[in-house]
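Here is a short set of exercises to work through with the model open beside you. Try each task before you read its solution.

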There are 2 protein chains.
Amino acid sequence: MAAYRLQKRCDEEAVFVVEGPKMAAEAMASEFGIRVVCATEEWLSAHAGNTVAEECFEVSAAELERLSNFKTSNQVWMLVERCTPRRLPQGGMVLALDKIQDPGNMGTMLRTADWFGVRHVVCSHDTVSCYNPKVVQATMGAIFRTEVEYVDLPKWLASCGMPVYGASLQGNPIGDRDGVVTKEGVLLIGNESRGISPEAMAQVTHPVLIPNIGGTAESLNASVAAGILMNYLLWNNYNTKKEEPR
Amino acid sequence: MAAYRLQKRCDEEAVFVVEGPKMAAEAMASEFGIRVVCATEEWLSAHAGNTVAEECFEVSAAELERLSNFKTSNQVWMLVERCTPRRLPQGGMVLALDKIQDPGNMGTMLRTADWFGVRHVVCSHDTVSCYNPKVVQATMGAIFRTEVEYVDLPKWLASCGMPVYGASLQGNPIGDRDGVVTKEGVLLIGNESRGISPEAMAQVTHPVLIPNIGGTAESLNASVAAGILMNYLLWNNYNTKKEEPR
C-alpha cells in the first residue's frame, strides 16, 4: 500500500488517497467507489458493515503512520476511485483556476465552491492535481461534490460563451454590487504570485477589483480572493432563492 | 543561531525569525529593529549598505538550510525585534481571533486585515503566536503593519464598547448590505473546528451568516470566512472614502 504514497502510482490506477475519519465518512456517503480501506481495529469495529470497500485491512497505528501523507496519521486510510471522465460545465457558475500551485489553496477553493454551490471547476493543465493528498484533505469533502476538469484554459475560456470575471488592478471595484449578473459566469483565479496569465486575462470580459482599502498590502491570498469574489458574484442567487414563491 | 529555531528562545529574547528576500525587504522597510542577518554572499552583495542589522553574517546555502524553518531555505534569514508592548485598539475596525490554531490561517488573516486597512488584531491567549515562523511567512509582510495583542478575549469583548460581529448559524445573512455600520466594530472569528467559543459568542452583538448557498459543505475555511466578512463590513468605508470632497 505504501506505493500509493506516490502520486504517479495513484495517477496510473486512477485512484486517490483519503485519510482520517472525517474524510472517510465523506467518501462513504459519496457515490465514489472505495477500493481499499486500511484502518485500526477501533475504526473498523465502529464501522462494521458500513465500509463497502473491495478490500479491507486491519493495520496497526505504526503501519498507518507509514502509509500516511501527514505528520499525524488518523485511524483510517482509503484508496478511492476517481470519477473520470467528468462532465465539462454547461452554464451555471464555474470556478476557473489558472496555474494554482499551492495544494492548501486549491483544496480551500474547492471547499468554498462547495459552500457557494459552484459544482464545476475548470483548471489549466499546470494547476496542482485535485487528487494531491493535501488538496483532498483541504477540501473537507468538497472533492466528492465538485466536478474538476483540466483543460487548455485560455482556449476553454474563449469558447465557453459565458461572462468571465477576473481580478485585475484595472477592474471595477466590487463595492457596488448593483447589476451583477450571477445566473451564469466564470470566476477566474490566477497563480499565487503572478496572478492571471496574459493569455487567460485576454479572455476576461468583466475585470473586477477587490478594493485595497488599507493601501499597504500587495495582494490577497488566492483562496481568500476567490471566497470574496464568489460571495460577490453569487449573493443575488441567494436573494433570488429566498424570494421564490413557495 | 540554530537555537532560534526554538520558539521558546525567540520568546525569551523577544525576537522573531524572518526568511527569504521578500520578507527581508518588508522587514528592512519597516521600523522594526533587525538584530541579526544571516545571508548568502549573493544576497549580501545585492544589499550592501542597506542592511541596518546589529550583526551580519555571510553563510553558505547549507548553513542557511540548517537555520531554516522551511523545506527550502532562501538566501536570507533574519532575527527581528518584536514591538512590545503594542497598543490596544481605541475604536476603528478590529479583528478578534478566538483560539485560532493553524499558522497558515492566522498569517492569512493578518494579510487580509492589512489589505482592508484593519490595523488591530486582538487574540485569545490560546491563539497561535503571531511570531510563529509559519504565521510570519503567511502574513506576506502584514506582521510589520499590524498591531497584534493577546488578551482575555471574552473580557476584552465585554468591555470594548463596540459592536461585535460574529459568524453564527442564527445570524443575519450578509446578502443584504444595507445598514451595515462600519466606522467601528469588532469582527470575531472562531476556532477552525469548533467555531466561536460560548464565552466569546455571549459578547456578539451582531450575529451574521455567510449564506450556505450550496447547502452541502459543513463550513468555510476560517481565513476565507474572515475575508468575506471583512469585505462585507468595510465596503462602505471604501465607498465613503471615494465620496469625500477633494
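Two strands count as paired if DSSP finds at least two bridges between them. Keep that cut-off at hand for the sheets below, and remember that this is a predicted model.

**Exercise 1. Find which strand β1(A) is joined to, and which residue of that strand is the bridge partner of Glu19(A).**

Solution.
- Step 1: Start from β1(A) and look for its bridges; five of them join β1(A) to strand β4 of chain A, residues 76–81.
- Step 2: Check the direction, and you will see that β1(A) and β4(A) run antiparallel.
- Step 3: Go to Glu19(A); its bridge partner in β4(A) is Trp77(A).

**Exercise 2. Work out the strand order of the four-stranded sheet in chain A and say which strands stand at the edges.**

Solution.
- Step 1: Put the strands in order to get β1-β4-β2-β3 of chain A, an open sheet with mixed pairing.
- Step 2: Look at the ends: β1 (15–19) and β3 (53–58) of chain A each have a single partner strand, so one side of each is left without a neighbour in the sheet.
- Step 3: Compare neighbouring strands of this sheet; they are turned by 15° against each other on average, direction ignored.
- Step 4: Add the helix: α2 of chain A, residues 21–29, lies across β1, β2 (34–39) and β4 of chain A. Relative to β4(A), helix α2(A) runs at about 30°.

**Exercise 3. Describe the six-stranded sheet of chain B: what are its order and pairing?**

Solution.
- Step 1: Trace the order β7-β6-β5-β9-β8-β10 in chain B, which gives an open sheet with parallel pairing.
- Step 2: Mark the edge strands, β7 (147–151) and β10 (206–209) of chain B, each of which pairs on one side only.
- Step 3: Take the twist from one strand to the next, which averages 35°.
- Step 4: Zoom in on β8 of chain B, residues 164–173: five bridges join β8(B) to β10(B), and the two run parallel. Here Tyr165(B) stands opposite His206(B) in β10(B).
- Step 5: Place helix α5 of chain B, residues 103–115, which lies across β5 (93–97), β6 (120–124) and β9 (185–189) of chain B. Its angle to β5(B) is about 175°.

**Exercise 4. Split chain A into its assigned domains and describe the side of domain 1 that touches domain 2.**

Solution.
- Step 1: Read off the domain assignment: domain 1 of chain A spans 2–81 and domain 2 spans 93–243.
- Step 2: Take the C-alpha centres of these two domains of chain A, which lie 30 Å apart.
- Step 3: Count the contacts: twelve residues of domain 1 of chain A are in contact with eight residues of domain 2 of chain A.
- Step 4: Assign the domain 1 side to elements; α1 (7–13), β1 and α2 of chain A each supply at least two residues. The most come from β1(A), with four residues.
- Step 5: Sort that side of domain 1 by class, and you get seven nonpolar, three polar and two charged residues.

**Exercise 5. Which operation lays chain A on chain B, and why do the copies meet through the same surface?**

Solution.
- Step 1: Superpose the chains: a turn of 180° with a shift of 0.0 Å along the axis lays chain A on chain B with an RMSD of 0.0 Å.
- Step 2: The two copies are thus related as by a two-fold rotation axis.
- Step 3: Count the interface, where 34 residues of chain A are in contact with 34 residues of chain B.
- Step 4: Name the elements of chain A that give two or more residues to this side: α5 (103–115) and α9 (222–243). The helix that gives the most is α9(A), with ten residues.
- Step 5: By class, this side of chain A has 15 nonpolar, 15 polar and four charged residues.
- Step 6: Compare the two sides: 100% of the interface residues of chain A are also interface residues in chain B, so the copies meet through the same surface.

**Exercise 6. Decide whether Ser60(B) is buried or exposed.**

Solution.
- Step 1: Locate Ser60(B) in the loop between β3 (53–58) and α4 (61–67) of chain B.
- Step 2: Count the other C-beta atoms within 10 Å of Ser60(B), which gives 10.
- Step 3: A residue with 12 or fewer is exposed, so Ser60(B) is exposed.

Terms used
Residues are numbered from 1 along each chain as its sequence is written. Chains are lettered from A and ligands numbered from 1 in the order in which they are written. This is a predicted model: local features need pLDDT of at least 70, side-chain atom pairs count only at pLDDT 80 or more; totals for chains, interfaces and linings use all residues. Copies are superposed by least squares on the C-alpha atoms of residues with pLDDT of at least 70 in both. Two residues are in contact if their C-beta atoms, placed from the backbone, lie within 7 Å. Ala, Val, Leu, Ile, Met, Phe, Trp, Tyr, Cys and Pro count as nonpolar, Asp, Glu, Lys and Arg as charged, and the others, Gly among them, as polar. Axes are lines fitted to C-alpha atoms, for helices over the stretch in contact, and angles run from 0 to 180 degrees between N-to-C directions. Domain bounds come from an automatic or database domain assignment. A residue is buried if 20 or more other C-beta atoms lie within 10 Å of its own, exposed if 12 or fewer, and partly exposed in between; C-beta atoms are placed from the backbone.
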